[in-house]
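This report describes one protein chain, first as a whole and then through selected residues.

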Amino acid sequence: PDGNELYWSMGKDIWFTHRSEGGAWTEPRALTLGEEGPYEYDNPFITPDGQKLFFTRWDSEHGKETIWSARRSASGWSDPRPLSEKVNGMRLHWSLSVSDSGTLYFQGSREDGYGKGDIYASKLVGGEYQEPVNLGPVINTAATETCPYIAPDESYLLYNHIDDRDREHSGILISYRDDSGQWLPPVIVIGGASGEGGLSPRISPDGKYMFYVIGDEGAWWVPTASFP
């Protein structure tokens with residue numbers, strides 16, 4: 001969040017670089033995230049306070065993918081641990097986002113789903129993540145919902161809606177919460193018939209800009225003041 005560290009996935013590892021005292025970026029290197037094994041690491045997400053790192057670990061030997069987290073320490077990221085079986089018992093997790101309160105949002109796949117991929121939320125209670133809850137038919141459809149970004153205060157949710165049969169209403173959507181905590185019908189931020197599309201929306205720490213990617217065209221941005 002302070003702009004002095006950068007994390008990304010490449011190959012089988014999560015890599016990082018940070019600014020030196022002189023302002024230059026250090027040589028990138030892979031993070032050490034637990035014991036060695038047939039693992040692939042992906043989907044790094046730093047919490048809004050900068051103190052916790054979430055990521056996914058794919059175990060190719062057992063064909064299982066799980067969510068892990070690690071806490072910041074003086075020496076880096078310490079004691080990586082898997083989330084509770086209530087969360088990791090699901091078959092699929094993808095594209096993580098965490099609010100100020102610790103609530104985890106992700107794309108998942110489960111029997112109670114509405115389509116090819118749905119968005120779920122799991123609350124942190126007593127230090128343990130609870131049974132993930134499907135966000136319901138206002139957010140999830142028979143198509144694919146993925147790449148959620150939750151506002152730190154959980155006042156709005158950005159995500160991708162992908163429907164090859166209805167490109168008019170595909171793209172990056174936003175849903176706001178009403179006073180009772182219910183999600184309101186989403187509206188398109190980027191995409192639709194223009195074909196602009198875009199994936200993986202992320203908001204800058206100051207809340208002023210949204211960043212996203214478009215295939216081979218790379219990264220794009222738009223001011224959040226333009227949101228509907």
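In this predicted model, the chain of 228 residues has a radius of gyration of 18 Å, which agrees with the value near 17 Å that a compact globule of that length would have. Along the principal axes, the C-alpha trace extends over about 45 × 40 × 35 Å. The secondary structure consists of 1 helix and 20 strands.

Of the 228 residues, 43% count as buried. The chain exposes about 12,300 Å², and carbon and sulfur atoms account for 52% of that area. When contacts between residues at least 6 apart in sequence are considered, 36% of them join residues at least 24 apart. The chain carries 19 positive and 34 negative charges, and the mean positions of the two sets lie 3 Å from each other.

**Selected residues**

The table lists the relative accessible area of five residues together with the resulting class.

| Residue | Relative accessible area | Class |
|---|---|---|
| Thr146 | 6% | buried |
| Thr103 | 6% | buried |
| Ser204 | 12% | buried |
| Ser200 | 32% | partly exposed |
| Asp79 | 46% | partly exposed |

The classes follow from two cut-offs: a residue is buried under 20% relative accessible area and exposed over 50%, with partly exposed in between. Thr146 is therefore buried, since its relative accessible area is 6%. Asp79, at 46%, is therefore partly exposed.

**Buried residues**

Thr146 belongs to strand β14, which covers residues 144–150. Its side chain forms a polar contact of 2.5 Å with the side chain of Gln107. Gln107 also appears among the residues that Thr146 touches beyond four places in sequence, and the others are Trp94, Ile119, Tyr159, Asn160 and Ile162.

Thr103 is located in the loop between β8 (92–98) and β9 (104–109). Which side chain is joined to that of Thr103 by a polar contact of 3.2 Å? The partner is Ser101. Beyond its neighbours within four places in sequence, Thr103 is in contact with Ser97, Val98, Ala121, Ser122, Lys123 and Glu154.

Ser204 also lies in a loop, in this case between β18 (199–203) and β19 (209–213). A polar atom of the Ser204 side chain is placed 3.4 Å from the backbone nitrogen of Lys208. With neighbours within four places in sequence set aside, the contacts of Ser204 are Tyr209 and Phe211. How far apart in space are Ser204 and Pro1, C-alpha to C-alpha? The distance is 8.0 Å, although 203 residues separate Ser204 and Pro1 in sequence.

**Residues with positive phi**

Two residues that are not glycine adopt a positive phi. Asp79 has a phi of about 50° and is placed in strand β7, residues 76–82. Ser200 has a phi of about 55° and is found in strand β18. Strand β18 borders the loop that holds Ser204. Ser200 is partly exposed at 32% relative accessible area, whereas Ser204 is buried at 12%.

How values were computed: Residues numbered from 1 in each chain as written. Predicted model: local features only at pLDDT ≥ 70, side-chain atom pairs only at ≥ 80, totals over all residues. Heavy atoms only, no water. Helix = DSSP H or I, 4+ residues; strand = E, 2+ residues; numbered from the N terminus. Rg over C-alpha atoms; globule rule 2.2 N^0.38 Å. Buried < 20%, exposed > 50% of the residue type's maximum accessible area, 1.4 Å probe, protein only. Contact = heavy atoms within 4.5 Å. Areas by Shrake-Rupley, 256 points an atom, 1.4 Å probe, with all protein chains shown as cover. Lys, Arg positive; Asp, Glu negative; His and termini not counted. Charge placed at Lys NZ, Arg CZ, Asp CG, Glu CD. Polar contact = N/O pair within 3.5 Å; in protein donor to acceptor, adjacent residues only side chain to side chain.
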